[in-house]
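Okay, thanks everyone, I'll keep this short. Let me put the sequence and the model up, and then we'll walk through a few places in it.

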Amino acid sequence: MFGARCLLRALRSCTSAPCPRHKPSARLSVRDALGARSTNGERVKVQGWIRSVRSQKEVLFLHVNDGSSLESLQVVADSSFDSRELAFGSSVEVQGQLVKSPSKKQNVELKAEKIEIVGNCDAKAFPLKYKERHPLEYLRQYPHLRCRTNALGSILRIRSEATAAIHSFFKPSSKIKVPEENFFNVPAFLTVSGQLHLEVMSGAFTQVFTFGPTFRAENSQSRRHLAEFYMVEAEISFVESLQDLMQVMEGLFKTATMMVLSNCTEDVELCHKFIAPGQKDRLEHMLKNNFLIISYTEAVEILKQASQNFTFTPEWGVDLHTEHEKYLVKHCGNIPVFVINYPLALKPFYMRDNEDGPQHTVAAVDLLVPGVGELFGGSLREERYHFLEQQLARSGLTEAYQWYLDLRRFGSVPHGGFGMGFERYLQCILGIDNIKDVIPFPRFTHSCVL
């Protein structure tokens, strides 16, 4: 009897308790909210940062962005939600109904039922100002804040998509990604390249690649150099001609770029419109044409006949400088151009000897692109034991590279590879002049802010 009374009281309590009015709000990114097909008043929750505030007598309009897209989501709220804390840069959580927008400027909008201010932002002290298009030079002063701007947001989304595109390019062909080394028990230095490690792996896997940070202590403050940057490097076994290698290099550039253009349309358009007007046409010109090929010897002759005065006089046997590279690209109609067969004396010991006296060259290749100059560098590797042994002896490296010679003793095959500077690639496709603007935290000579 006592148990029955308790049960009855519990049931009465349950039926008299208020029932939840709504289903729990589904959390959506701004990108997903903007792309929602159904706008039947679904209750959603969006979190992000306020990009603009507009208050009218009875209605409050907010634009909220969470970094998932260039476009922000319009939030419409009753004027009673208005607050000084709802300011440009403040972080908020908004719950409400996702409905079709009556405005032609957007397909959907969020009708707010609840707005929670997560983090305040003092708009007066905030270095980024509402409706102000800050120059990239100004934004470099604030590496901890600049990712919140439209320009850097677009560049970093493109960077992410380009990373995925590069991995996608290598993945279908059963290529193996080699991880970067992290810990050592012997004296070591920061890596300039993973190439030699890739050559080890190419003795077991016919196609390998790596994609990670590399470091160079180059005392340069130029627009095209960083102390830390990212490199895409690949090594391919059973490759016997530079033509085969160049085909992969051109394929990587075009395939990755087409994927970026397809998946980051708005972000690329922002860069081409506001940062580099005219770059859209220049990029289309690169993509629709086959890349050209000239020899180093031909390149030097073109430079010698140029009417332009160069800071560095072009001579056979001297390396090409940036001014030379950019001139060659313009001479070739602003189409990317492969320069092949460099003098042996200019290149490292591992590049394959062409045996072509009297002008002794190696099977090396650089890809030069508009606006940047050198983007790719590669070569056929010297797979012949005795040739490599002689080169190492001349350089005094035989003892240190005995393991490298072993690769030629045990099942050696013709092979070749290349590296592509990732930041320079982004500069090339977006038309961004300074390499410091295409990496989240630029580190260069005398500067390591973050």
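So, helix H6, residues 242-263: how far apart should its ends be? At 1.5 Å a residue, its 22 residues should span 32 Å, and the end C-alpha atoms are 32 Å apart, so the two agree. Keep in mind that this is a predicted model.

Staying on H6, which of its residues are buried? Starting from the beginning of the list, we have Leu 242, Leu 245, Met 246 and Met 249, then Glu 250, Leu 252, Phe 253 and Lys 254, and finally Ala 256, Thr 257 and Val 260. As a reminder, an α-helix has 3.6 residues a turn, so residues three or four places apart point the same way. Have a look at the buried list with that in mind: Leu 242, Leu 245 and Met 249 are on it, for instance. And yes, Glu 250 and Lys 254 are buried too.

Zooming out for a second. The protein has 13 helices and 14 strands. Of its 450 residues, 45% count as buried. If you take the contacts with a separation of 6 or more, 66% of them are between residues 24 or more positions apart.

Next, the second largest pocket. There's about 1,500 Å³ of space in there. It has 50 lining residues, and the closest to the centre are Arg 51, Thr 149, Asn 150, Ala 151 and Leu 270. Which helix or strand gives the most to that lining? That's H7, with six residues. Strands E2, E3 and E4 each supply at least two, and so do helices H3 and H4. By class, the lining comes out as 17 nonpolar, 15 polar and 18 charged residues.

Now the cavity side of things. How many cavities of 30 Å³ or more are there? Just one, and it holds about 30 Å³. Its lining is Val 300, Thr 313, Pro 314, Glu 315, Val 318, Asp 319, Leu 320 and His 324. Split by class, that's four nonpolar, two polar and two charged.

Last stop, Gln 95, which sits in strand E5, residues 91-100. Its side chain makes a polar contact with the side chain of Glu 93, at 3.4 Å. Leaving aside neighbours within four places in sequence, Gln 95 is in contact with Ser 25, with Val 44 and Lys 45, and with Lys 111, Ala 112, Glu 113 and Lys 114.

That's my tour, over to you.

Definitions and conventions:
Residues numbered from 1 in each chain as written. Predicted model: local features only at pLDDT ≥ 70, side-chain atom pairs only at ≥ 80, totals over all residues. Heavy atoms only, no water. 1 Å grid on protein atoms, 1.4 Å probe; cavity = no way out; pocket = protein on both sides within 12 Å on 5 of 7 lines; lining within 4 Å. Points joined across faces, edges and corners; volume = space filled by probe spheres on them. Helix = DSSP H or I, 4+ residues; strand = E, 2+ residues; numbered from the N terminus. Nonpolar A, V, L, I, M, F, W, Y, C, P; charged D, E, K, R; others polar. Expected span 1.5 Å × (residues − 1). Buried < 20%, exposed > 50% of the residue type's maximum accessible area, 1.4 Å probe, protein only. Polar contact = N/O pair within 3.5 Å; in protein donor to acceptor, adjacent residues only side chain to side chain. Contact = heavy atoms within 4.5 Å.
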